[in-house]
Protein chains: 2
Amino acid sequence: VSGEGAWRGSAGTPVSAIGEFGLIRRLRECIAGVEEGHDPYSPFVVIGIGDDAAALSPTPGHQILVTCDIQVAGRHFIPAWITPRELGARCAAVNLSDIGAMGGLPRAAIVSLAIGPHVAVEDLEEVYRGMCGRFLDHGARLVGGNISGVAEGLVIDITLLGEVEAGGAVRRDTARPGDIVWVTGAPGSSAAGLALLQRFGGDAPAAFADMIAAYLRPQARAREGRALGTSGAVSAMIDVSDGLTGDLNHMVEGQAVGIVLREEALPIGDPLVAAAAEIGLAPIGLLLGASDDYELIFTAAPDGTEQAMRALRGVSDVAAWPIGEVIAGAPGQVLLEDRQGRRHPAGARGWDHFGSG
Amino acid sequence: VSGEGAWRGSAGTPVSAIGEFGLIRRLRECIAGVEEGHDPYSPFVVIGIGDDAAALSPTPGHQILVTCDIQVAGRHFIPAWITPRELGARCAAVNLSDIGAMGGLPRAAIVSLAIGPHVAVEDLEEVYRGMCGRFLDHGARLVGGNISGVAEGLVIDITLLGEVEAGGAVRRDTARPGDIVWVTGAPGSSAAGLALLQRFGGDAPAAFADMIAAYLRPQARAREGRALGTSGAVSAMIDVSDGLTGDLNHMVEGQAVGIVLREEALPIGDPLVAAAAEIGLAPIGLLLGASDDYELIFTAAPDGTEQAMRALRGVSDVAAWPIGEVIAGAPGQVLLEDRQGRRHPAGARGWDHFGSG
């Protein structure tokens, strides 16, 4: 599997043929094309692309949220499996997900690229179309960036700024004993999609299309996170970027509370079971293990259930599952309670980007 | 010249030995060490490192500035020439310079790393010490980040947020005809330092220490930019990251004005002349060409000179040189007027990160 970032090989225009400033011009034209018809300077954006720094005008009474995510060819994406436009949208989604998980509104993005010699200008334009389009869908504009060459591959690092009402940011470490633990969507699907791509490449059976889409074309639950965060019912929230157990661990690490998951409550659907059988893994291993699903985990008191579900339904038809509860008895631990009522530590702790490869 | 990012080879702890979460722990401890004694949450920082996103509380009446800069081993720095701590400080300086050039105050940074297998944990800690220390010197805190592996080398991408009074950001493209063009320090020194390192490696004659320091250990003129920006005298400002001609071009690109430099006014000191002789280049070529000096170029009406100089002197003893003026007659052009009064286009346009290598 190659990390070269070369989608079309010699068929495209190499970046070296038009130079750094030529590339910047092309990408700016490309961004302008995507953003055409949108107000070039939203109330938030005072100075956009093209100066030493962008200038942004915070909404009075709001705080600024800021997150970043670096995506490396061969590590976070395999060019042979994902189109440039999908990649751009995916890189945007990864960051949108973080702002949503704080209960915020995405506003402005800044992008750094390190580009290997085999990446074509046309493919970078497609990356930008996917990225800007996805950001625009969520109300965020591209306001700056920086470009460099690199010996090989492609690195895309996006910083996304958002806003949230002062004091309204939903932290990951504020779950309370007795809260119900919820997760949206079908966690583990992305891990299944990745495993299926590793097995079949582009020729996976059509029955697995949803799993593969979960990995290649994740939805960012930014609207859902915003609705939940402002519902008043949610005590803590995090997005699933490491995997269910890994991110649940992040919620209780160093805290006085723990989390107990109920095995019978875990959302293991038929597609996940079929995918697990195909790749020779237990469905629960896929569900609990490393998987960047960009779903949301949130906690809410039992009497906040209706309020939280109403908020979620207002913006989305994604499923939400009550998978366990926050407990006082096991500080910092994530436990799995099996169908016999026995509790043991839940498995894997998520991706380790240095653990292999 | 190697881009491996390997300062100590096998003598350090490889990142793979402690894993991604182990590395994050080590770096967080390292940051805590540098920031010890400073209020861990300045009024600006509401949520720092450790959640899906940081949360920042803008000062009422201010705008947010945001800039990013990606530094790639073998392109922007050569590990054999620069210590990890110097590298960290340099990466911070590059971004501080941009916030200063807008007239802003640095506030919060977020860092993405892509780390090759030969980089030692101890060296990354040194990078962070240099980076956090330099940011702290200018009032900015590290509030988040993201880490990945990469096949080789080291990529450091920093996004820096700052603040400026609403409407107070100093743009690069607002120079007015008749304004004097100023530059601080000794532009071209960084290019000379780089050329000397390419020639001598670590064994350059001591006479050239200042040139080499200009390249390896640039000062960010953030305080100077802030003072100039709030002086009321400055009409436009940019930092020198591409080189004098390149960045002057950025100031007039697409504008109704041009800039004429007076050759006799250019600050060509004895050290630059000696360095140019050593490396076989014309001093004026070093001065005008590609060079990331992180000095400031600014424009001010002639009757604003005293006001601008007083502001600058209030925070710094760096030299400032009136090198030319803004003219209406040559839209978008940067001209050089020689000692005989003849004008011709000024040379090179700055770095092109794809032009070579």
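Biologist: Where does B:Thr67 lie?

Modeller: B:Thr67 lies in strand 3 of chain B. Keep in mind that this is a predicted model.

Biologist: Is B:Thr67 buried or exposed?

Modeller: The cut-off for buried is under 20% relative accessible area. B:Thr67 comes out at 3%, so this residue counts as buried.

Biologist: And which residues does B:Thr67 touch, leaving out those up to four places away in sequence?

Modeller: Both chains contribute. From chain A there are A:Asp52, A:Ala53 and A:Ile110. From chain B there are B:Asn95, B:Asp98, B:Ile99, B:Ile158, B:Thr159 and B:Leu160. For a sense of distance, the C-alpha atoms of B:Thr67 and B:Val111 are separated by 12 Å, with these positions 44 residues apart along the chain.

Biologist: How should I read the two faces of strand 3 of chain B?

Modeller: The general idea first. In a regular strand, side chains alternate between the two faces of the sheet. Here, B:His62, B:Ile64, B:Val66, B:Cys68, B:Ile70 and B:Val72 point one way, while B:Gln63, B:Leu65, B:Thr67, B:Asp69 and B:Gln71 point the other way. All of them are buried. With 11 of the 11 residues buried, strand 3 of chain B is largely enclosed by the rest of the structure.

Biologist: Which strands pair with strand 3 of chain B?

Modeller: Strand 2 (residues 54-56) of chain A is joined to strand 3 (residues 62-72) of chain B by three bridges, and the two run antiparallel. Across that pairing, A:Ala54 stands opposite B:Val66, and A:Leu56 stands opposite B:Ile64. Strand 6 of chain B is also antiparallel to strand 3 of chain B, with 11 bridges joining them. There, B:Cys68 has B:Thr159 as its bridge partner.

Biologist: What is the strand order of the open sheet?

Modeller: Read across the six strands, the order is 1(A)-2(A)-3(B)-6(B)-4(B)-5(B), and the pairing is mixed. The edge strands, each paired on one side only, are strand 1 (45-47) of chain A and strand 5 (141-149) of chain B. From one strand to the next, the twist averages 25°. Helix 3 (residues 121-137) of chain B lies across strands 4, 5 and 6 of chain B, at about 165° to strand 4 of that chain.

Biologist: How are the two copies related?

Modeller: Look at the rotation and at the shift along the axis. Chain B superposes on chain A by a rotation of 180° with 0.0 Å of shift, at an RMSD of 0.0 Å. The copies are thus related as by a two-fold rotation axis. They also meet through the same surface, because 100% of the interface residues of chain B are interface residues in chain A too.

Biologist: Let's try a helix. How far apart are the end C-alpha atoms of helix 1 of chain A?

Modeller: Only 23 Å, although helix 1 (residues 15-35) has 21 residues and a straight helix would reach 30 Å. The model also has a kink of about 80° in helix 1 of chain A, centred on A:Phe21. After the helix comes A:Gly37, with a positive phi near 90°.

Biologist: Which residues of helix 1 of chain A are buried?

Modeller: A useful guide is that an α-helix has 3.6 residues a turn, so residues three or four places apart point the same way. In this helix the buried set includes A:Gly19, A:Leu23, A:Leu27 and A:Ile31, and A:Val15 and A:Glu35 also belong to it. Among the elements covering the buried residues are strand 4, helix 3 and strand 5 of chain A.

Biologist: One more strand, then. What covers or pairs with strand 12 of chain B?

Modeller: Both faces are covered: B:Val334 and B:Leu336 on one side, B:Leu335 and B:Glu337 on the other, all buried. Strand 9 (residues 258-262) of chain B runs parallel to strand 12 of chain B, joined by four bridges, and B:Val260 is partnered with B:Leu335. Strand 13 (residues 343-345) of chain B runs antiparallel to strand 12 of chain B, through three bridges, including the one between B:Glu337 and B:Arg343. Strands 12 and 13 of chain B form a hairpin with five residues between them, and B:Gly341 in the turn has a positive phi of about 85°.

Terms used: Residues are numbered from 1 along each chain as its sequence is written. Chains are lettered from A and ligands numbered from 1 in the order in which they are written. This is a predicted model: local features need pLDDT of at least 70, side-chain atom pairs count only at pLDDT 80 or more; totals for chains, interfaces and linings use all residues. Side-chain values use heavy atoms; hydrogens and water are left out. Two strands pair if DSSP finds at least two bridges between them. Axes are lines fitted to C-alpha atoms, for helices over the stretch in contact, and angles run from 0 to 180 degrees between N-to-C directions. Contact means heavy atoms within 4.5 Å. The expected span of a helix is 1.5 Å times one less than its number of residues. The bend at a residue is the angle between axes fitted to the seven residues ending there and the seven starting there. Buried means under 20% relative accessible area, exposed over 50%, partly exposed in between (1.4 Å probe, protein chains only). Copies are superposed by least squares on the C-alpha atoms of residues with pLDDT of at least 70 in both.
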